Structure formats: C-alpha cells, structure tokens
Amino acid sequence: MKKIMCFMFCAAIANIAWSQDLHVASGASIYVSPKSFLHVESNLDVNASGSLLVKSDATNSGALVVKGNATGAITYARYIPTTNWHFVSAPVTTQDIGTFAVDAANDIKLNTANTVYGISIYNNSNTPTQRWMYYGTPGNPAPLPGQQNAGLASTAGNFVNGKGYSNLRASVGDYTFKGAMANADVNITVPDADGDAENHHWGVVGNPYPSFLAGNTPANATNLLTHNTAMMKSGMVALYFWDGAAYQAKNHSDPALYIAPGQGFVVEAKENGQTFTFPKAMQKPEETATTTFFRTTPMTSVTLFMSDGTKERKTRLRYLENNVTTGLDEGYDAGSYRDGTPSFSIDTHLVSNSTGMDFNIQCLPKADLETMVVPLAVYANANETLSFRTEVENLEAGINVYIEDKVNNTIVKINDTPFTVTVSENQSGIGRFYLYTTQSVLSIDDLAGLDNNVSIYKTSNTTIRIAGLQAEGSTNVKLYTISGKEVLSKSFKTKHINDVQ
C-alpha cells in the first residue's frame, strides 16, 4: 500500500480522509483543528520526531479515526471549560499520570495542604462517601482526614485507556494527553474493585479514542448504551454524567448523544466483574445537528426542580408515544446514582410496580398523561424550607401540573408559581409528595378516597415498606405465601411511610 509521507508542515484545517497509509516523518507536523477530522483508512505511523496534534475548544472537538493500526504518539488537547470537577478519560494508551500531574500547562489543582492532586479514581469497594481516592504529591502517600489517597502520582503509571477519572483544574484550559492510540476494542471491568455494600457496583469509564462515539439510539442504531445493556443493572440502563452538582442520566429518551474524546461517565453493573466495551468500529467524527440524528419536534416533558435556597436538584418525566409503559422500561427509565442515602435530592418512583428504586428519568405513555399519579421521592433534612418549581416542554395547552402534600393535606398548581413548604421531619423517600398532570382544576376534595398512590415494596429480606397511606388511625397488614399460608400479621399506627418487619 502506498504511503503518504509528510516531510513538511501539514495543517489539517478541513475534513480530510486518507485512503492510503499515512506516515508523519521526522520534523513533520499535522494539526487537526476543532470540528475538523482526519480519517486514515489504512495505517498511521508517527515518527518520534514528528507531531500529530488534535485540538478541541469550548464548542467543538477535532477527531482522528484510524481504521488500521496506529504506531507512534499522537497528542490530544481536551479543552476544560470550567474549574469544576470533570470526568475525563485519556484518548491515548501511554500517558503517564505523574508526568500529566506536574505539567504546568495542565494546571492541576492541589488541596490546601499541597498533599494531593486534583486527579482521582473511584474505588467501589470503599465505604459510602469515601469512594473517591486522590493521587498524592511527592512525599505524601498517606491520606489526610476525610481524604482517601490512591498512592503517589509519580508511581501510578499510565492512565488506563477506557477508564474514567475525576480531575480538577485551577483554571480554564486544556488537558494535554500524549501517547499511543488504541488499536482494538477497549474493554473495562466494572466495577474495577469488588464491592457488595448496598449492592453498589458503579464504575467510571470514558471514551478511549481521539474520536466520537454514538451514545444512544437517536445518535445511531449502533451505540454504546445498546451494546453494553446486558452488563448493566436493571433499571440503571443509562450513561451518567456529572453536571457540577449532581449525576444526570442519559439514555434512549434523550436527543442524540455523542461521547466526545476525553469524556468520562459512570455506569452501574448488574454485579461485580462485568465488562464495558468500547468498540473500535464505532468511532466517528463530530456530527452536525441534522434531522437524520435529531428530533424535529420537542418531546413532551415535565422537569421538576427542588431547592432549599442554596442548592437545587431535579427529576425528569418524559411522555412518549411509543416504547414505554407505566412500569420499568429498560433504556428509557433511568434510576438515580446513589453513594449512600442522599441528604438532599428529588426523584420519582415508577407509577406501576415500584420496587423502591428512585428514578432520575421516568418515561411514561403520553396517552395516559392525565390519569397517572407519580410518587415523588424527596430527601431533605428536618426544618428545611423546600421550593418546588417546574419547567415543561411541548405540554398541551390547558394541562396543569400539581403537587399533592399529604402531610398538609393540600394540592397546589405549580405551572407558574413555585410551591414552598417547610418540613418538620426528615424526608427519606416517597409517601408525602405526589405529582399530577391534568386539565382539571384539582382540589384536595377531588382526591378524597383515592388509594391508587399507595406503594408496597421490599426494602430488605425482612422488611416491606408501605408508602402513601393517609396518616390517621391504625392499619392491619397480613402477608401470605402463594400457597395461602399466613407468614406475617401486623397492626400499626398509620404514617405516610411505614416499614413493616
């Protein structure tokens, strides 16, 4: 096969595809600008004294796709737009972590004691809230109180291709990765450290290539989420991204999702030791927003926000024409990331057949929009003042959004005006707040006698939870086996959330 030899400066400022081998000779340079791409149909070889740089900026990312094998080192500059923590992954295989940490251009932030870098890994086997582990600076292998140390950055070796890291810059700018490219599919074990506490099997992964990957079905029928569904926990078939305040799920109900070079995210495996795969054949350049990949009309959705005055969390309801029910729809409903019990969050439970899981995204049949009651899972501390507001998209004119508060025996329309309430007790899930969407003008009298918002599910092998009962009087519960044998009989004073053992 004929080789293209680059002896002079070569600037890849437009979209270019090579049908031959590409050889970057000694002293030669190739630059792939943001939103441009270089596609090598056969093999790539970069001389040790040559240079191939791919660049990104605040809005676009350059891409390099090599269909054959690549030898030599490339450089990818991943632009980081804020000084928040970001999930990143190395788009090369041989970037040393210690070298990366001390490169002044990467501007890695240090803690106040200068003992650890803003480069961290996720250890699933640690106890809740202590799973992030930070690489230490020279002479500081031991953790400080409240910090878990992953060891010295100088002896950590290379970033693992396909693994995600949480990194922190002291200023806006580029992370520069230099090293060899992956020449085959990249497989990552999730979780990489076994852990059974809370049935917690999360892992951080990331795009291992200097090119884009389709993340969901609207992007491409062949995509990362579909390809890896079998290894994911039921109800958690989604890719989870950190937005600076919370983990946000992305799945097939979202618009076209493309995973950029250097982008990391988290997934939850169904059990220890599962394999998440990044197929080499899925690589592609940055896509243009065309009707081929993006929706031509907005979906119908309700996003509910909860604020305590200093922080805000959200949960999303999407009403679709096809593919969804009021129960669990894998790849459309997405459970919420959990690392212990949250202190402040809002989610939903499934309208039908709840198993006690909190959902960040719930997709529901659009045809049933006015007949469904959605349980809200609220976590907040006692004496906090909570404000609920909503943003709607493509909701039919005349449809109103209401929140029912069972403790205060009220129902409030929140389309235009937030609903504010001070809770006197800790809130720890469903049972108090419910959401309605209807053209009717609802009052609390309209809901009298309704029991279709009562949920019963198992929280452990010895406990069932009954949520949504009216908090007055007493209740009797009897539990029978399928053969009719009574195995539980309990009487208790009714609360909105009742745990029965």
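Which side chain does the side chain of Asp358 join through a polar contact of 2.7 Å? The partner is Tyr379. This pair is one detail of a predicted model, and the paragraphs below go from the whole chain to single residues before coming back to Asp358.

The protein has 501 residues, and buried residues make up 52% of them. Its secondary structure consists of two helices and 41 strands. Among contacts with a separation of 6 or more, 68% are between residues 24 or more positions apart. The surface that the protein exposes comes to about 21800 Å², and carbon and sulfur atoms supply 50% of that area.

In the interior, the largest nonpolar core has 35 residues. Leu38, Leu44, Leu52, Leu64, Ile74, Ile119 and Phe159 are the residues with the most contacts inside this core. Another core, of 26 residues, lies apart from it and includes Leu364, Val378, Leu386 and Ile403.

One of the sheets can be followed strand by strand. It is an open sheet of five strands, in the order β12-β16-β13-β14-β15, with mixed pairing. Its edges are β12 (85-88) and β15 (148-152), each of which pairs on one side only. On average, neighbouring strands of this sheet are turned by 35° against each other, direction ignored. Within the sheet, β13 and β14 pair in the antiparallel sense over four bridges. Ser120 stands opposite Tyr134 of β14.

The loop between β13 (116-122) and β14 (132-136) holds Asn124. Is this residue buried or exposed? Asn124 has a relative accessible area of 2%, which is under the 20% limit, so it counts as buried. A polar atom of the Asn124 side chain lies 3.0 Å from the backbone nitrogen of Trp202. Leaving aside residues up to four places away in sequence, Asn124 touches Arg131, Pro191, Ala193, Asp194, Gly195, His200, His201 and Trp202.

Pro191, one of the residues that Asn124 touches, is found in the loop between β18 (186-190) and β19 (202-206). The peptide bond leading from Val190 to Pro191 is cis, with omega near -10°. Most peptide bonds are trans, and most residues other than glycine have a negative phi. The second part of that rule matters for two asparagines described further on.

Next comes His252, in the loop between β22 (247-250) and β23 (258-259). With a relative accessible area of 10%, His252 is buried. Its side chain makes a polar contact of 3.1 Å with the side chain of Thr217. His252 and Leu225 are 27 residues apart along the chain, and their C-alpha atoms are separated by 8.1 Å.

Asp358, the residue of the opening question, has its place in the loop between β29 (345-348) and β30 (359-365). The relative accessible area of Asp358 is 8%, so this residue is buried, the limit being 20%. Besides the contact with Tyr379, the side chain of Asp358 makes a polar contact of 3.0 Å with the side chain of Arg338. Both Arg338 and Tyr379 are among the residues that Asp358 touches when those up to four places away in sequence are not counted. The others in that list are Gly335, Ser336, Asp347, Thr348, His349 and Ala377.

The two asparagines remain. Which sign does phi have in Asn394? It is positive, about 60°, although Asn394 is not a glycine. Asn394 lies in the loop between β32 (385-393) and β33 (400-405). At a relative accessible area of 43%, Asn394 is partly exposed. Asn409 likewise has a positive phi, near 55°, in a residue other than glycine. The loop that contains Asn409 runs between β33 and β34 (410-413). Asn409 is partly exposed too, with 48% relative accessibility.

Note on methods
Residues are numbered from 1 along each chain as its sequence is written. This is a predicted model: local features need pLDDT of at least 70, side-chain atom pairs count only at pLDDT 80 or more; totals for chains, interfaces and linings use all residues. Side-chain values use heavy atoms; hydrogens and water are left out. Buried means under 20% relative accessible area, exposed over 50%, partly exposed in between (1.4 Å probe, protein chains only). A polar contact is a pair of N or O atoms within 3.5 Å; within protein, one must be able to donate a hydrogen and the other to accept it, and residues adjacent in sequence count only if both atoms are side-chain atoms. Contact means heavy atoms within 4.5 Å. Two strands pair if DSSP finds at least two bridges between them. Axes are lines fitted to C-alpha atoms, for helices over the stretch in contact, and angles run from 0 to 180 degrees between N-to-C directions. A nonpolar core is a set of buried Ala, Val, Leu, Ile, Met, Phe, Trp, Tyr and Cys residues joined through side-chain atoms within 4.5 Å. Accessible areas come from the Shrake-Rupley method with a 1.4 Å probe; for residues, only the protein chains shown count as cover.
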